[in-house]
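Visitor: Hi! Could you walk me through this structure? I'm new to this, so plain words please.
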Amino acid sequence: MAWSPRRSAGRRLQLPLLCLLLQGATAILFAVFVRYNRETDAALWHWGNHSNADNEFYFRYPSFQDVHAMIFVGFGFLMVFLQRYGFSSVGFTFLLAAFALQWSTLIQGFFHSFRGGYILVGMESMINADFSAAAVLISFGAILGKTGPVQLLLMALLEVVLFGLNEFVLLSLLEVKDAGGSMTIHTFGAYFGLILSRVLYRPHLEKSKHRQGSTYHSDLFAMIGTIFLWIFWPSFNSAPTALGDGQHRTALNTYYSLAASTLSTFALSALVGGDGRLDMVHVQNAALAGGVVVGTSAEMMLTPFGALAAGFLAGAISTLGYKFVTPILESKLKVQDTCGVHNLHGMPGVLGALLGSLVAGLATSEAYGDGLESVFPLIAEGQRSATSQAMHQLFALFVTLTFASVGGGLGGLLLRLPILDSPPDSQCYEDQIYWEVPGEHEHLAQGSQEIETQA
Amino acid sequence: MAWSPRRSAGRRLQLPLLCLLLQGATAILFAVFVRYNRETDAALWHWGNHSNADNEFYFRYPSFQDVHAMIFVGFGFLMVFLQRYGFSSVGFTFLLAAFALQWSTLIQGFFHSFRGGYILVGMESMINADFSAAAVLISFGAILGKTGPVQLLLMALLEVVLFGLNEFVLLSLLEVKDAGGSMTIHTFGAYFGLILSRVLYRPHLEKSKHRQGSTYHSDLFAMIGTIFLWIFWPSFNSAPTALGDGQHRTALNTYYSLAASTLSTFALSALVGGDGRLDMVHVQNAALAGGVVVGTSAEMMLTPFGALAAGFLAGAISTLGYKFVTPILESKLKVQDTCGVHNLHGMPGVLGALLGSLVAGLATSEAYGDGLESVFPLIAEGQRSATSQAMHQLFALFVTLTFASVGGGLGGLLLRLPILDSPPDSQCYEDQIYWEVPGEHEHLAQGSQEIETQA
Amino acid sequence: MAWSPRRSAGRRLQLPLLCLLLQGATAILFAVFVRYNRETDAALWHWGNHSNADNEFYFRYPSFQDVHAMIFVGFGFLMVFLQRYGFSSVGFTFLLAAFALQWSTLIQGFFHSFRGGYILVGMESMINADFSAAAVLISFGAILGKTGPVQLLLMALLEVVLFGLNEFVLLSLLEVKDAGGSMTIHTFGAYFGLILSRVLYRPHLEKSKHRQGSTYHSDLFAMIGTIFLWIFWPSFNSAPTALGDGQHRTALNTYYSLAASTLSTFALSALVGGDGRLDMVHVQNAALAGGVVVGTSAEMMLTPFGALAAGFLAGAISTLGYKFVTPILESKLKVQDTCGVHNLHGMPGVLGALLGSLVAGLATSEAYGDGLESVFPLIAEGQRSATSQAMHQLFALFVTLTFASVGGGLGGLLLRLPILDSPPDSQCYEDQIYWEVPGEHEHLAQGSQEIETQA
C-alpha cells in the first residue's frame, strides 16, 4: 500500500508519547501553579459583599462561547476544503487547540496573572487561551497538509511561548491596544507560519498537486467554517475589551467591517475570475478579512463609516492576494502557503495594525469624552499624546513581525528534525497516513447501484 | 461547454460593478448619516451616571448572535438541499444578507432612529437589520436557482426599502405588535417573493427538472440549516421584545410551539407519504413553522398550551402545503416556489398574524397586570380597547399583503430587464454558471479506486 | 424492492397516530396544568419591585441556548456517522427530543415545580427538559439503527418518566449534587439504553454489517456533532448550578477536563490503532468523555488540576473501551451498542459519580468559605458531614443504576411488541425503510461526467 509507509515502532509511538508527556507536564504545572481566581473560587467570591450579577461570567461568557466556536468549528472546518485531508484538518485543529489552550493558560498566566506564586484563572484566562490557540491555528493553515501531528504539537509548544512573550511586550510593556489581535494574533500567527513554511520548503510538492484541490462537498464543509467565523467575529474582537460601550462598539464595528469585506470579496472575485465566475477560495477566506483588519481599531472610535471602509479595503486586498500574491510567494519566495494565510491574516493583519495606529493618533478627548480612560488610559492620564500612542502602536507591529519571523525560523528548524512524522512529498494533503480512513469512500453510491440492479 | 455560455465583457462586469457601486454608495451614506448611539459611543455612554451592566449589549447581544447565526448559517444551509446549487445557496445568502444589513441600517434608520440629522446605531439596529435580511432571504427562497446574483442584489435593494416602509407603517403608525415578524418578516418576505416568482414565470423550467432534487448529502447539509434555525428561533422572536418577562416569555412560547410543529410535521409527513415513509422536505421546512406562527403572539400571554396548539396547527398546514398546495401553485397559478416559502413562511405567517390579532383581542388587565404597559401600551393607557388593538392587527396584515404584492410585482418587472444575469431555462439550479466548480466532483472516490488498484 | 418491505395500512398509520396521540395528550395536560412562572408571567413579574436585569433569563438563557444546540445539533450529527442512516440519526433525534422536552416539562414539573395545582415553567424547566431529552438520546445511541420511530417514541415515553423519578429521588430525597448529570443523565441514559439493547439482542445482526461503517463524508458530518458537543459542554454542566462563582467555576472545570480528554484520546487512539494511525470513532466520542466525567464534580472545588486529571482519565478509559470493551459486550454479554454509549456515557458517567463522591467527601469550610452554603447547603447548615454527603452521593449512583436497569428491561419488553416498526435484521442501519431517500445518491457525479462528455 503505497499510501501508508510502514512505520517503525519508534515512529508509531511518537504521537502517543508526546501527547502523554505534554499532558502530564501540563497537569503537574497546573497542580503547582494554577488556582481559581476571585470570580471562580467559592471562598473568595463569597468573601465580601457583591451581587452574583457582578460576576464576570455574565459579562463575558456568551462572547467566550462564540470565540470557542470559532476556534474549534470555524478554524477546523475552514480547513476541510482539501479533498482528502478533512480528518486531519478538523482533527488536528482539535488536538492542537486543546493542547494550546492548556499550555497558554500557563504561559500567559506567568506573564499576566501571576499573583503570590499562583496563576489565577477564570473567564479572562479562558478567552486569552483561546486567542493563543487561534494564532497556532493560523500558522497551521500555512503548513496544512505538509506536516504530521507530532510536528504540529512541537510547533504549538514553541509558538505559544513566543505568542505569550510578544503579547506581554505589546500589552504590558509598550501598552498598546490590540483587543482583537490584528497584531498579536493575526500578524504574529501568519508570519510565524509563513516563515516556518519557508524553512520547510518542499521543491517537489507537485507530486501531491492532485490532492491540493477541493471537491464540491469539501467546499461546502469549508463554508461551515467560514460562516461560523464570520458570524462570531464581532464576539472575537469584543470579548476582551472594556465593558459597556467598549464591547458594544467593538462588536458593531466588526459587524460592519465584515459586511463590507464580503461585498468587496464578491466584487473582486468576479472581476479577476475566469469568465467572470466567482471563486469559492475567495469567498471562504477573503470575506473574513474584515474581521482581521479591525482587530486593533474596532474598540476605538473608528466610526461606522471607518469600519465599512476598512472592511472593504481588506476584502479587496485579500482577494487580490489569493489571485496574484500567493503564486509569487510560492514561485519567487519559496513560501508554500496552503490556506493562503498571508492573504487572510498576514496582509489584513498588518493593515489592521496600521489602521489601529492611525485611529489611535486621531484620538481626542472630544471624541472619547470620559470614555478615553477606558480606551487609552495613558492619553487620558496625560502620560502620552495621541501621536505618541500611534508611534507605540507602529513599533508594536515591528516587534510582532520580528518575534514572528525569528519564532517561525526557529520553529522551522525544530520541525525539520528528521525523526519527526513529516509526510513524504508524494503523500502531502493525505489523511490516510495518519488516520484509518473508511475503505470505500463511496459505499453509499455503490450500495445504491446495487439496489437499483436488484430492483 | 454548454453549461457555461460565453458571456460578453459587459455581462461579466455587471456583478463586480454593482457590488462596488452599492458598497460605495452605502459607505458614503454611512459617512454622512450614521453615528454611534448612546450605548456605543465612548463619550455619550460615559456621560451621566450608570453601570456598565446597564448597557443594552448585555441584554440583547446573546440573542443577536443567535439571530445572526440563523441568517447566515440557518438560511444559507437550509437552501443547500439542491444537488448542484450549494455554492450559490450559501454564497448568495452570504452576499445578499451582507448587503441587506447595511442597506437596511440606512432605511430602517431613517424611519426609526433618525435624530438630529443622524441615524444612531447599536444593538437594536443590528437586530433589526438582520431581520430585514431575513425577509430578503425568504423571498430568495421562492426564486432560488432561477436568478443570478445581480438580479438578487437588485431585488434586495428594492425589498429592503419596502420592508422598512411596511414595518414603519405597522409599528409606528398603526402601533401593532409584531416582535418576531409573522407579518413584517414572514408574510411580507413570502408574498413579495411569490409574486416576484409569478412575474418571472418560466414555462419551460422542466428543462432543469433533473437538477431540482436533492442528494443524500445535500439533504444532510440542509438539515444543518434546519436545526440551527429551529434551535435559535426562540432568540429570533424574543430579540426585540420588552426586557424581563417579555423576552423570557417569548422565548418560552416559541420553544413550545416549535416542539409541537415538529411532531405534527412528522405525523403528517408519514400520513401523506408514499408507503408511510417520511419526506425530508417536510422535516427540513414544516418543522420550523412553529417559529413563524407565534412571531406576533409569542410576546403576549399566549399560554404554554396556546403555543403548543399554534405550533401543531402550523406544522400540519405547512406539511399539507408542501404535499398539496405547492403543485397547485405551480400548475394553476404559475408560481414556481423553489423552497416552498408559501408553506413555511406564507401560510404560517398569515396564520400567525391572525393568531396575534386573536390573542391581542383577548388581552385583559387581569392577565397582564402591570405588564400590560410593556406589551400593549395603548391599551394600558386607555387609548385603545383590546378589540380595537385586534382590529389594528388585522388591518396590519392587509397592509403587509398589499405592500408585499405591489413590491413583488415591481421587483419582478425590474428583474425581467433582459440585460441582467438570469440563467437560461436549461441552466437553472446550476452553480457552474456563476461559480468555478471543482472539475472532478468525485475525485476522492476515483483516487480511492486508484489506490486499491495499486495496492 | 428488497429494502422497502410493503407495509400494511395498519403499520403505516402507527407513526402518525402515535405522534398525534402523544402531542394531543401533551397539549391537553399543558392546558390543565402548565402555567407561566413568576419570571415569565406578565402580571406576576411586574408585581413587586425588581429590575428587569434580575430576571433569570439574563443569567441562564445563553447557557440554555448552548444546551439546546448540543441536544439537536450535537447529538443529532454525532450519530450521522453511519453511511446510510443519516436521515434517521438527525431526524429521529429531532422527533424524540421535541417530544421528550414537552413530556418532561410535565413529568419534571410534577416532581419539582408543582405549586397550587399548577406546573410553573420558565428558564429552569426549559434547561431541565432539555437535560431529560439528552438522557433519551443517549439511550437512542445504544440502539441506533435497530429500532423504528414508533419504538423510539415509546421508549421516550417510558424513559422520561423514570428519568424524572430517579432525578427526584437523587436531588430532592437524597439531596445529592449532580449539576451536569454524570448520574442522572449519563449513567442513567447509558445503562437504560444498554439493558434495553440487551433485551432487543439480534443474533443475526451481521446481515446488516456492511452498513454499520462510516464513509469519509459521514465521518465529517459526525465531527460537526462532536465539536458542537465539545465546545458547549461547559454550558451544559454549568446551566443549572448556583449563580455567580458556581456557574463560572463549573464552566472552567469542564473546559479543562475536555481539553485533557482530547489529548488522552489522541494518545490512546494512536497507541492502540493499527500501524499507529488514529481512529475517527475515538476522536468523535472519547474526546467528549471529559465533559461527562466532571458532570457531578465540576461545580465543586475540584481544582483546575483535578479537572485535567479527571478528563485525562476519562478520555483514556473511553478510548480503551471502544477498542476492548465494546467487542466483549457484544460477544459475551450480547449487548449491541451502536454508538458505544457505554464508553462515552456509561463508564465515564460512573467514574464521574465516584469522583463527585470523592470531591464531596473532601469538602471543608476552608476551601468553600461562605460559598459552602450554595454548593453543599446541608453541610453548611451542619445537617450532614462531608463524609455523609459522600456516602449519599455513592448511594445515588446505586439508585441510578437500579432505575436504569429496571427501566431499560421494561423498555426492552415494551419495544419487543411484535406490532411495532422494528426493522428486519437485514435492514438495520438503513434510512430507506423510514424515509424517502433521493433515488440517485450520486447524481452530481454522474451529471459531472455527462458535462465532461459533452464538452
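Guide: Happy to! Keep in mind that this is a predicted model. Let's begin with charges: the count of salt bridges between chain C and chain A is zero.

Visitor: Okay, how many residue pairs are in polar contact between chain C and chain A, then?

Guide: There are 24 such pairs, with both residues at pLDDT 80 or more. As for who supplies the side of chain C that touches chain A, several elements give two or more residues, including helix 3 (57-78), helix 8 (216-238), helix 9 (245-272) and helix 12 (304-333) of chain C.

Visitor: Which element gives the largest share of that side?

Guide: Helix 9 of chain C does, with 18 residues. By type, the residues on that side of chain C are 44 nonpolar, 24 polar and 12 charged.

Visitor: And how many residues of each chain are in contact?

Guide: On chain C there are 80, and they are in contact with 88 residues of chain A.

Visitor: How do people put a size on an interface?

Guide: Often by the accessible area that is lost when the parts come together. Here chain C and chain A bury about 7200 Å² between them, and 70% of that is on carbon and sulfur atoms.

Visitor: What about strands? Which strand of chain C is joined to strand 5 of chain A?

Guide: Strand 4 of chain C is joined to strand 5 (residues 435-436) of chain A by two bridges, and the strands run parallel. If you want a spot to look at, find E436(A), which stands opposite D279(C) in strand 4 of chain C.

Visitor: New topic: what turn lays chain B on chain C?

Guide: A turn of 120°, with a shift of 0.0 Å along the axis, and the RMSD is 0.0 Å. The two copies are therefore related as by a three-fold rotation axis.

Visitor: Which residue of chain B comes closest to that axis?

Guide: That's P62(B), whose C-alpha is 3.6 Å from the rotation axis.

Visitor: Do tell me about the surfaces: why do we say the copies meet through different ones?

Guide: Because only 19% of the interface residues of chain B are also interface residues in chain C.

Visitor: Back to salt bridges. How many does the structure hold over all chains?

Guide: The total is 18 over all chains. One to look up is between D245(A) and R249(A), where the closest N and O atoms are 2.9 Å apart.

Visitor: How far apart are D245(A) and R249(A) along the helix?

Guide: They are four residues apart in helix 9 (residues 245-272) of chain A, so about one helical turn separates them.

Notes:
Residues are numbered from 1 along each chain as its sequence is written. Chains are lettered from A and ligands numbered from 1 in the order in which they are written. This is a predicted model: local features need pLDDT of at least 70, side-chain atom pairs count only at pLDDT 80 or more; totals for chains, interfaces and linings use all residues. Side-chain values use heavy atoms; hydrogens and water are left out. Contact means heavy atoms within 4.5 Å. Buried area is the accessible area (1.4 Å probe) that two parts lose on being put together, summed over both. A salt bridge is a side-chain nitrogen of Lys or Arg within 4 Å of a carboxyl oxygen of Asp or Glu. A polar contact is a pair of N or O atoms within 3.5 Å; within protein, one must be able to donate a hydrogen and the other to accept it, and residues adjacent in sequence count only if both atoms are side-chain atoms. Ala, Val, Leu, Ile, Met, Phe, Trp, Tyr, Cys and Pro count as nonpolar, Asp, Glu, Lys and Arg as charged, and the others, Gly among them, as polar. Two strands pair if DSSP finds at least two bridges between them. Copies are superposed by least squares on the C-alpha atoms of residues with pLDDT of at least 70 in both.
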